[in-house]
Amino acid sequence: MIEANMKIHITSSVIFECGDVAIVGNGEFRASSGKVDGLILYADTLRYENGTKLSRDEQERLKCLYQHFVLNQEDFIDWDI
(Lines give C-alpha, C1' and ligand atoms only; values in the text may rest on other atoms or scores of the structure.)
Protein backbone atom coordinates (compact mmCIF):
# COMPACT_ATOMS: atom_id res chain seq x y z
CA MET A 1 0.00 0.00 0.00
CA ILE A 2 1.31 3.43 -0.90
CA GLU A 3 1.46 5.56 2.24
CA ALA A 4 2.78 9.05 1.53
CA ASN A 5 5.28 10.84 -0.65
CA MET A 6 8.35 11.70 1.34
CA LYS A 7 10.83 12.46 -1.46
CA ILE A 8 10.76 12.67 -5.23
CA HIS A 9 13.92 12.22 -7.29
CA ILE A 10 14.05 12.87 -11.01
CA THR A 11 17.04 11.70 -13.02
CA SER A 12 16.58 9.56 -16.10
CA SER A 13 13.65 8.10 -14.15
CA VAL A 14 11.19 9.51 -11.65
CA ILE A 15 11.48 7.88 -8.24
CA PHE A 16 8.78 8.32 -5.60
CA GLU A 17 9.85 7.26 -2.10
CA CYS A 18 6.60 6.32 -0.38
CA GLY A 19 7.22 5.15 3.14
CA ASP A 20 9.14 1.91 2.88
CA VAL A 21 8.56 1.37 -0.86
CA ALA A 22 9.87 3.16 -3.93
CA ILE A 23 7.99 3.57 -7.18
CA VAL A 24 9.87 4.14 -10.43
CA GLY A 25 8.55 5.55 -13.69
CA ASN A 26 9.47 7.71 -16.64
CA GLY A 27 8.45 11.31 -16.88
CA GLU A 28 9.52 14.84 -17.57
CA PHE A 29 8.93 18.31 -16.21
CA ARG A 30 6.54 20.62 -17.99
CA ALA A 31 7.48 24.29 -17.98
CA SER A 32 6.11 27.55 -19.29
CA SER A 33 7.34 31.12 -18.94
CA GLY A 34 10.66 29.86 -17.60
CA LYS A 35 9.11 28.15 -14.58
CA VAL A 36 8.35 24.52 -13.82
CA ASP A 37 4.58 24.14 -13.72
CA GLY A 38 4.07 20.40 -13.60
CA LEU A 39 5.30 16.90 -14.12
CA ILE A 40 4.29 14.61 -16.97
CA LEU A 41 4.44 11.03 -15.75
CA TYR A 42 3.86 8.10 -18.10
CA ALA A 43 1.48 5.78 -16.22
CA ASP A 44 2.39 2.71 -18.26
CA THR A 45 5.97 2.93 -16.93
CA LEU A 46 5.07 3.00 -13.20
CA ARG A 47 6.41 0.04 -11.26
CA TYR A 48 7.69 -0.91 -7.83
CA GLU A 49 11.44 -1.40 -7.39
CA ASN A 50 10.93 -5.15 -7.79
CA GLY A 51 9.42 -4.59 -11.27
CA THR A 52 5.76 -5.16 -10.36
CA LYS A 53 3.56 -2.72 -12.27
CA LEU A 54 1.15 -0.51 -10.34
CA SER A 55 -2.55 -1.28 -10.62
CA ARG A 56 -4.91 1.42 -11.85
CA ASP A 57 -6.02 2.06 -8.25
CA GLU A 58 -2.40 2.39 -7.12
CA GLN A 59 -1.72 4.82 -9.97
CA GLU A 60 -4.70 6.93 -8.89
CA ARG A 61 -3.50 6.84 -5.26
CA LEU A 62 -0.02 7.95 -6.31
CA LYS A 63 -1.52 10.78 -8.36
CA CYS A 64 -3.54 11.99 -5.36
CA LEU A 65 -0.49 11.80 -3.09
CA TYR A 66 1.59 13.71 -5.64
CA GLN A 67 -1.03 16.46 -5.90
CA HIS A 68 -1.19 16.71 -2.11
CA PHE A 69 2.63 16.83 -1.94
CA VAL A 70 2.80 19.65 -4.49
CA LEU A 71 0.16 21.69 -2.65
CA ASN A 72 2.24 21.53 0.53
CA GLN A 73 5.59 22.38 -1.10
CA GLU A 74 5.65 26.06 -2.01
CA ASP A 75 9.00 25.87 -3.77
CA PHE A 76 8.23 22.68 -5.69
CA ILE A 77 6.45 24.23 -8.66
CA ASP A 78 7.90 27.71 -8.49
CA TRP A 79 11.59 27.12 -9.18
CA ASP A 80 13.42 29.68 -11.27
CA ILE A 81 15.18 28.07 -14.19
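A pocket, on a 1 Å grid over the protein atoms alone, is an open set of points where a 1.4 Å probe fits, with protein on both sides within 12 Å along at least five of seven lines; lining residues have an atom within 4 Å of a point. Grid points are joined across faces, edges and corners, and a volume is the space filled by probe spheres set on the points.

Before you start: this is a predicted model, where local features need pLDDT of at least 70, side-chain atom pairs count only at pLDDT 80 or more, and totals for chains, interfaces and linings use all residues. Residues are numbered from 1 along each chain as its sequence is written, and side-chain values use heavy atoms, with hydrogens and water left out.

**Exercise 1. Get your bearings in the chain.**

Step 1: List the elements. You should find two helices and six strands, where helices (H or I, at least four residues) and strands (E, at least two) are DSSP runs numbered from the N terminus.

Step 2: Put them in order. Starting at the N terminus, the run is β-β-β-β-β-β-α-α.

Step 3: Check the burial. The chain has 81 residues, and 31% of them count as buried; that means under 20% relative accessible area, while exposed means over 50% and partly exposed is in between (1.4 Å probe, protein chains only).

**Exercise 2. Describe the largest pocket.**

Step 1: Start with its volume. The space in the largest pocket is about 260 Å³.

Step 2: See which elements contribute. Those giving two or more residues to the lining are β5 and α1 (56-71). Helix α1 supplies the largest share, six residues.

Step 3: Sort the lining by type. Among the residues there are F16, L39, R56, Q59 and Y66. The split is seven nonpolar, one polar and three charged. Here Ala, Val, Leu, Ile, Met, Phe, Trp, Tyr, Cys and Pro count as nonpolar, Asp, Glu, Lys and Arg as charged, and the others, Gly among them, as polar.

**Exercise 3. Work out what T45 and S13 touch.**

Step 1: Place them both. T45 is in the loop between β5 (35-41) and β6 (47-48), and S13 is in the loop between β1 (5-10) and β2 (14-18).

Step 2: Buried or exposed? T45 is buried, at a relative accessible area of 18%. S13 is buried too, at 16%.

Step 3: Look for contacts (heavy atoms within 4.5 Å). Setting aside residues up to four places away in sequence, T45 touches V24, G25 and N26. With neighbours within four places left out, S13 is in contact with V24, G25 and N26.

Step 4: Zoom in on N26. The T45 side chain reaches the backbone nitrogen of N26 at 2.8 Å.

**Exercise 4. Set K53 beside V21.**

Step 1: Find K53. It's in the loop between β6 and α1, and K53 is exposed, with a relative accessible area of 57%.

Step 2: Trace its partners. Not counting residues up to four places away in sequence, K53 touches D44, L46, R47 and E58. Its side chain reaches the backbone oxygen of D44 at 2.8 Å.

Step 3: Switch to V21. This residue is found in strand β3 (residues 21-25) and counts as partly exposed, at 26% relative accessibility. Leaving out neighbours within four places in sequence, V21 is in contact with F16 and Y48.

Step 4: Finish with a distance for each. The C-alpha atoms of K53 and V24 are separated by 9.5 Å. For V21 and N50, the C-alpha separation is 9.8 Å.

Key:
Polar contact = N/O pair within 3.5 Å; in protein donor to acceptor, adjacent residues only side chain to side chain.
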